[in-house]
Amino acid sequence: VQAPVVKISARFKFMADHCNLRHMKEFQNGLEFFLEGHHPACTDNCQVVYVNLRCKTEDDVESRSESRQLHYDVSREQFLVRADFQIQITASPARASCDLPCMVDKTEKKLNRILNRVRRTINRGTFFVHFGGTTYTPLRGSLKRDELQYHCEAGSIHTDNRCVSCPIGSYHDTEGDICLPCGEGTYQPLEGRTDCIQCP
């Protein structure tokens with residue numbers, strides 16, 4: 001039995017004077033620096049594992065609100081940049097005072113607090129992103145988040161706030177994320193495997 005990795009995906013938007021996606025790493029570094037420097041800090045077993053930036057001009061906006069944002073300053077061309085990112089925390093091992101479900105619950109609460117802090121600082125105008133050598137402020141109210149996700153290593157499935165190895169005689173179907181019994185003519189003598197062995 002192992003602790004799952006708990007992940008959360010979110011996104012926000014900001015206006016930029018240019019759009020060069022070669023600055024993706026600079027953006028990620030700035031995001032990590034912010035998350036590490038504010039309470040609750042995203043350090044140690046907490047990390048930003050995914051970042052993606054998408055730029056939009058007047059020709060490819062998807063809503064009236066995006067169009068209004070692009071026309072806010074008509075004196076110069078601007079890009080509406082959508083920043084997607086994912087943060088993950090590996091729950092700490094259980095201890096006498098806090099069993100595994102307890103540790104996972106603490107991890108969930110920490111991730112939620114981190115995202116709530118990001119939301120508050122964006123809405124206050126005190127969250128800054130670095131892109132192409134320039135500092136920008138995300139659009140207030142633009143942060144959107146998904147539900148928490150749980151990830152276990154291959155060979156294990158997430159159940160009851162823990163990662164449980166697929167038992168002997170079964171294998172982990174990674175697409176469906178379930179344990180399935182070995183088919184006719186195959187066997188698996190070990191736990192936590194992703195395939196079965198042909199009978200001799």
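Helices and strands here are DSSP runs, numbered from the N terminus. Keep that in mind when you see labels like E8 or H3. One more thing before we start clicking: this is a predicted model.

**Stop 1: the whole chain**

Show everything as a cartoon. The protein chain holds three helices and 13 strands. Now colour by burial: of the 200 residues in the protein chain, 36% are buried. Switch on a surface and you are looking at about 11500 Å² exposed by the protein chain, with 48% of that supplied by carbon and sulfur atoms. As for how the chain packs against itself, take contacts between residues at least 6 apart in sequence: 65% of them join residues at least 24 apart.

**Stop 2: two loops with positive phi**

Select asparagine 161, in the loop between strand E8 (156–159) and strand E9 (162–165). What is the sign of phi at asparagine 161? It is positive, near 60 degrees, in a residue other than glycine. For context, most residues other than glycine have a negative phi. Asparagine 161 has a relative accessible area of 23%, so it counts as partly exposed.

Next, select aspartate 177, which sits in the loop between strand E10 (170–173) and strand E11 (178–181). Aspartate 177 is also not a glycine, and its phi is positive, near 55 degrees. Its relative accessible area is 38%, which makes aspartate 177 partly exposed.

**Stop 3: cysteine 163**

Go back to strand E9 and pick cysteine 163. Buried or exposed, at 2% relative accessibility? Cysteine 163 is buried, because 2% falls under the 20% cut-off. Now add valine 5 to the selection: the two residues are 158 apart in sequence, yet their C-alpha atoms are 9.2 Å apart in space.

**Stop 4: the nonpolar core**

Time to go inside. The largest nonpolar core has 33 residues, and those touching the most other members are Phe12, Phe14, Phe27, Leu35, Phe85 and Ile87. Several elements each supply at least two residues of this core: E1, helix H1 (24–37), strand E2 (46–56), strand E3 (79–90), H3 and E4.

Zoom in on leucine 35. Which residues does leucine 35 contact, leaving aside its neighbours within four places in sequence? They are Pro40, Ala41, Cys42, Val48, Ile87, Ile114, Arg117 and Val118.

Then slide over to glutamine 28 in helix H1. With 15% relative accessibility, glutamine 28 counts as buried. Not counting residues up to four places away in sequence, glutamine 28 touches Val48 and Val51.

While you have E3 on screen, pick phenylalanine 79 in that strand. Phenylalanine 79 is buried, at 17% relative accessibility. Measure from its C-alpha to that of arginine 54 and you should get 9.6 Å, for two residues 25 apart in sequence.

**Stop 5: the aromatic cluster**

Show the rings of Phe12, Phe14, Phe27, Phe34, Phe85, Phe127, Phe131 and Tyr136, which ring pairs link into a cluster. A pair of aromatic rings is described by the distance of the centres and the angle of the planes. With ring centres within 6.5 Å taken as a pair, the count comes to seven aromatic pairs. Try phenylalanine 12 with phenylalanine 127: the ring centres are 5.5 Å apart and the planes meet at 70 degrees, so this pair is edge-to-face. The two partners are 115 residues apart, with phenylalanine 12 in strand E1 (residues 5–16) and phenylalanine 127 in the loop between helix H3 (100–124) and strand E4 (129–131). Phenylalanine 12 is buried at 0% relative accessibility, and phenylalanine 127 is buried at 0% too.

**Stop 6: along helix H3**

Finish by selecting H3 from one end to the other. At the N-terminal end, aspartate 99 acts as a cap, with a side-chain oxygen 3.1 Å from the backbone nitrogen of cysteine 102. What span should the 25 residues of H3 have at 1.5 Å a residue? The expected value is 36 Å, and the end C-alpha atoms are 36 Å apart, which agrees. Colour the buried residues of H3, which include Leu100, Met103, Val104, Leu111, Ile114 and Val118. Among the others on that buried list are Thr107, Glu108, Arg117 and Thr121. Just past the helix you reach glycine 125, with a positive phi near 80 degrees.

Key:
Residues numbered from 1 in each chain as written. Heavy atoms only, no water. Phe/Tyr/Trp six-rings, centres within 6.5 Å; stacked < 30°, edge-to-face > 60°. Helix = DSSP H or I, 4+ residues; strand = E, 2+ residues; numbered from the N terminus. Buried < 20%, exposed > 50% of the residue type's maximum accessible area, 1.4 Å probe, protein only. Expected span 1.5 Å × (residues − 1). Polar contact = N/O pair within 3.5 Å; in protein donor to acceptor, adjacent residues only side chain to side chain. Contact = heavy atoms within 4.5 Å. Areas by Shrake-Rupley, 256 points an atom, 1.4 Å probe, with all protein chains shown as cover. Core = buried A, V, L, I, M, F, W, Y, C linked by side-chain atoms within 4.5 Å.
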